[in-house]
Amino acid sequence: MAIPTVYGPAYSTYARTVRLALEEKGAAYKLEEVDLFKGETQAPGHVARHPFGKVPAFSHDGFSIYETDAIARYIDEALPGPKLQPTDAKARARMNQIIGVIDSYAYGTIVGKIVIERLVAPIMGRPADEAAVAAAMPVAEKSIAALEALSSGEGPFLVGAQLSLADLYLVPVFGYLMGTPEAGKLLKDAPRLKRWWDNISKRPSVAKTQPSLG
Ligand SMILES: N[C@@H](CCC(=O)N[C@@H](CS)C(=O)NCC(=O)O)C(=O)O
C-alpha cells in the first residue's frame, strides 16, 4: 500500500494534527511542503487539491481528501494502529465537541490572532498588533474555560482513558500558545489543561512533529 502524503508546511497547526495522527498510528508518511507564507497554497497545483487554498490536504492510495477532521478520521479508520476515537457514544460526542470548540473558537483567536501577532509578526519584521491581541482575548479566554470544563481531568487525556483526536487537535494550538506571554493569563484558572499539557507534551509524536517558525 502506498505511503500517505500530507500537503502543508510543518509549521501549520492543522497539518500537525494530521501528522500527529499518523505518528500515533505508527504510519510512515511523506510531508510535501506547501508554504502558505510564500503564497504556495494559492498556486494552481495546490488549489486543485484544496479549492479553498488551505492546508492540509492529503492523499493515500489514489484517494485525495482535504479538511483536517475528515483526514484525521480517515487515518484512524483506514490505517492499522491504536484507535484514536472512543467507541462509547458519550465519550465520542465529547471528543467531537472539543474539536468543534477548537475549530470554531480557539483556533481563530489563539492561533489566528495571538500566536500570529506574538510569534509570527516578529519573524515578518513588524510589531505585534496589540489591538488585535486584545480583541482576541475574550473569546480565547472563553475557549480555554470551555476546554477546561470539557476535559475529563481524570487521566492524562482530554477524553477518558485513551488518547483521542481531541488531544491531537489541541497539541498544536498549545505548542504555540505556550510560547506567548498570554499563556500565563489564559491558563491561570485551567489546572486540568496545564496538567494535560505537562503529560502530553512528553509524547514521542509531539517531539517528532515539533514545528519551527523561524
Ligand atoms: N477547515 C480547515 C482549516 C485549515 C486551515 O485553516 N489551515 C490554515 C493553516 S493551519 C491555513 O491554511 N491558513 C491559510 C489561509 O487561511 O489562507 C481544516 O480543518 O483543515
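What follows is a chat between a student and a tutor about a predicted model.

Student: Let's start with the sheet. What is the order of its four strands?

Tutor: Reading across, you get β2-β1-β3-β4, in an open sheet with mixed pairing.

Student: What makes β2 and β4 edge strands?

Tutor: Count partners. β2 (30–32) and β4 (63–66) each have a single partner strand, so one side of each is left without a neighbour in the sheet. As for twist, neighbouring strands are turned by 20° against each other on average, with direction ignored.

Student: How do you know that β1 and β3 are paired?

Tutor: The cut-off is at least two bridges between the strands. Residues 5–7 of β1 and residues 57–60 of β3 share three bridges, in the antiparallel sense. Since three meets a cut-off of at least two, they count as paired. One spot to look at is Val6, which stands opposite Phe58 in β3.

Student: And what makes β3 and β4 a pair?

Tutor: Use that cut-off of at least two bridges again. β3 and β4 have four bridges, in the antiparallel sense, so they count as paired. Phe58 turns up here too: its bridge partner in β4 is Ile65.

Student: How many residues lie between β3 and β4 in their hairpin?

Tutor: Two residues sit between the strands. Asp61 is in that turn, and its phi is positive, at about 60°.

Student: What is worth noting about the phi of Asp61?

Tutor: It's a positive value in a residue other than glycine. Glu67 has one as well, with phi near 90°, and that residue lies in the loop between β4 and α3.

Student: Why are Asp61 and Glu67 called partly exposed?

Tutor: The partly exposed class lies between the buried limit, under 20% relative accessible area, and the exposed limit, over 50%. Asp61 comes out at 44%, so it's partly exposed. Glu67 comes out at 45%, so partly exposed is the right label there too.

Student: Why is Ser64 called exposed, then?

Tutor: Because its relative accessibility is 58%, and exposed means over 50%. Ser64 lies in strand β4. Not counting residues up to four places away in sequence, Ser64 touches Phe58 and Ser59.

Student: What about Asp76: buried or exposed?

Tutor: Buried. Its relative accessibility is 1%, and the buried class is anything under 20%, so the label follows. You'll find Asp76 in helix α3.

Student: How do you know that Asp76 and Lys25 make a polar contact?

Tutor: Check the distance against the limit, which is within 3.5 Å for a pair of N or O atoms. The side chains of Asp76 and Lys25 are joined at 2.8 Å, so the pair passes. Leaving aside neighbours within four places in sequence, Asp76 is also in contact with Pro82, Lys83, Leu84 and Gln85.

Student: Now the helices. What makes α1 "mostly covered"?

Tutor: The tally does: 13 of its 13 residues are buried.

Student: How do you know that α1 has the span expected of it?

Tutor: Compare two numbers. α1 has 13 residues and reaches 18 Å from its first C-alpha to its last, close to the 18 Å expected at 1.5 Å a residue.

Student: What caps the N-terminal end of α1?

Tutor: Ser12 does, with a side-chain oxygen 3.3 Å from the backbone nitrogen of Tyr14. Just after the helix, Gly26 takes a positive phi of about 75°.

Student: Which strands do α1 and α3 lie across?

Tutor: Helix α1 (residues 13–25) lies across β1, β2 and β3, and runs at about 165° to β1. Helix α3 (residues 68–78) lies across β3 and β4, running at about 135° to β4.

Student: Where is there a cis peptide bond?

Tutor: Between Val55 and Pro56, where omega is about 5°. Pro56 sits in the loop between α2 (44–49) and β3.

Student: Last one: how many residues of domain 1 are in contact with domain 2?

Tutor: 16 residues of domain 1, and they are in contact with 21 residues of domain 2. The domain assignment gives 5–78 for domain 1 and 89–208 for domain 2. Taken over C-alpha atoms, the two centres are separated by 21 Å.

Conventions: Residues numbered from 1 in each chain as written. Predicted model: local features only at pLDDT ≥ 70, side-chain atom pairs only at ≥ 80, totals over all residues. Heavy atoms only, no water. Axes fitted to C-alpha atoms, helices over the stretch in contact; angles between N-to-C directions. Contact = heavy atoms within 4.5 Å. Expected span 1.5 Å × (residues − 1). Buried < 20%, exposed > 50% of the residue type's maximum accessible area, 1.4 Å probe, protein only. Polar contact = N/O pair within 3.5 Å; in protein donor to acceptor, adjacent residues only side chain to side chain. Domains from an automatic or database assignment.
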